[in-house]
2 protein chains.
Amino acid sequence: MSQGHHSRGETLLFLTDAQLRAGIEAMFFAYRGFTADPDRILARYGYGRAHHRAVHFINRWPGTTVNNLLAILGVTKQSLNRVLRTLIEDGRVESRVGERDKRERHLYLTEIGRALEAELAEAQSARMRDAFRRAGPDAVAGFREVLEAMMEEEQRRQFRGTAEAAE
Amino acid sequence: MSQGHHSRGETLLFLTDAQLRAGIEAMFFAYRGFTADPDRILARYGYGRAHHRAVHFINRWPGTTVNNLLAILGVTKQSLNRVLRTLIEDGRVESRVGERDKRERHLYLTEIGRALEAELAEAQSARMRDAFRRAGPDAVAGFREVLEAMMEEEQRRQFRGTAEAAE
DNA sequence: AGTTTAAGTCAGCTTTGTTGACATTCCAAG
DNA sequence: CTTGGAATGTCAACAAAGCTGACTTAAACT
């Protein structure tokens, strides 16, 4: 059992198995809380988490192509397509054939699509804001650092892209 | 955008939409990284995330009953049962009739069940340890605080239970 | 004796992932 | 110019893992 043996001049962390396991369980429980509010809203519309993710990232990058979205979401195109199809049928997403390259489809939220996105974002932001307020500014910075360090390399690059585009 | 502004007193935080959205996306990407390694291992055994969760918590609380596990995992018994049945058939989990109350089944990992758990835990811990080391001790404390604040009330109580039992 | 509780089963449905096959479009080599 | 391959997106079918509802069995409680 890895005794967290301190060490190094720099990091000097006692990381026992118990601490790591607590971190793992915290991720599990927190992620459930994180998705709970949107899930309730989505259920009212007959949507699932996959719809939420699509709507979120289309809102984030209007005009993105299906392929772009695939790379961000990390699912197969067939899986994304099903979700996209229902959103388009319901008039929440618009798919425009590319002008330069007609193979591509550019995706946009419609008026009611934006309304849905706003409703979901507000619910999720409220919980995040609450958690941030309770934990305080220093904790928030640490939270972000650890999460970023936990991503796969490719996701980290994507995240940095979105995060700085956000400022 | 979003100047973090540190007015103290309590926790005055300026939380812009961009900051909150970055937090939301960080959770999304980090959770994917968090589950990526175990997913690869599970696939080799023909298991899924549901099996991982069951094995994790049975290891955590040996002798726990089916009902306990249901409360922790937050799924229906039909759903859990399917997973549990395959784990028992494969000889990774043992189900013992309760001595005090014979209606109950107490769950334990077998030798090979513990081996699987250890393999999964090691992979997930490695990434967590790495993230913790890179982010540093203060960041880790913040990470834990924010995650705990993000859980639903009931999950938070459960987590505190597991976390302190861990120390 | 009658009710409640714990566990499990059967059936059927939904969401969201997967592969495989296929149509359309673009582009570049011949 | 044509043609063959790569890129993009769609359709079909299947699997994992959630869900609800109805029910059984055994044990415990009152």
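The following questions and answers examine how two chains meet in a predicted model and how the strands of each chain pair.

This is a predicted model, in which local features need pLDDT of at least 70, side-chain atom pairs count only at pLDDT 80 or more, and totals for chains, interfaces and linings use all residues. Residues are numbered from 1 along each chain as its sequence is written, chains are lettered from A in the order in which they are written, and side-chain values use heavy atoms, with hydrogens and water left out.

Q: What makes a residue part of the contact between chain B and chain A, and how many residues take part?
A: Contact means heavy atoms within 4.5 Å. On that basis, 61 residues of chain B and 62 residues of chain A belong to the contact.

Q: What is meant by the area buried between chain B and chain A?
A: Buried area is the accessible area (1.4 Å probe) that two parts lose on being put together, summed over both. For chain B and chain A this comes to about 6400 Å², and carbon and sulfur atoms give 70% of that area.

Q: Why is the pair A:Arg127 and B:Glu152 called a salt bridge?
A: The term requires a side-chain nitrogen of Lys or Arg within 4 Å of a carboxyl oxygen of Asp or Glu. The N to O distance between A:Arg127 and B:Glu152 is 2.6 Å, so the pair meets the definition.

Q: How do you know that A:Arg40 and B:Glu152 also form a salt bridge, and where do the two residues lie?
A: Their closest N and O atoms are 3.9 Å apart, which is within the 4 Å limit, and therefore the pair counts. A:Arg40 lies in helix H1 (residues 17-45) of chain A, whereas B:Glu152 lies in the loop between H6 and H7 of chain B. Helices (H or I, at least four residues) and strands (E, at least two) are DSSP runs, numbered from the N terminus. Across the interface the rule finds 6 salt bridges, and a search of the whole structure finds 30 over all chains.

Q: Why are E2(A) and E3(A) called paired strands?
A: Two strands pair if DSSP finds at least two bridges between them. E2(A) and strand E3 (residues 105-109) of chain A share 5 bridges in the antiparallel sense, so the requirement is met. Within this pairing A:Arg96 stands opposite A:His106, and A:Ser95 has A:Leu107 as its bridge partner.

Q: How do you know that E1(A) and E3(A) pair?
A: The two strands run antiparallel and are joined by 2 bridges, so they satisfy the minimum of two. The bridge partner of A:Thr65 in E3(A) is A:His106.

Q: What makes E1 and E2 of chain A edge strands?
A: The open sheet of 3 strands in chain A has the order E1-E3-E2. Strand E1 (64-65) and strand E2 (93-97) each have a single partner strand, so one side of each is left without a neighbour in the sheet.

Q: Which strands stand at the edges of the sheet in chain B?
A: The open sheet of chain B has 3 strands in the order E1-E3-E2, with antiparallel pairing. Its edge strands are E1 (64-65) and E2 (93-97), each of which pairs on one side only. E2(B) and E3(B) pair over 5 bridges, and B:Glu94 stands opposite B:Tyr108.
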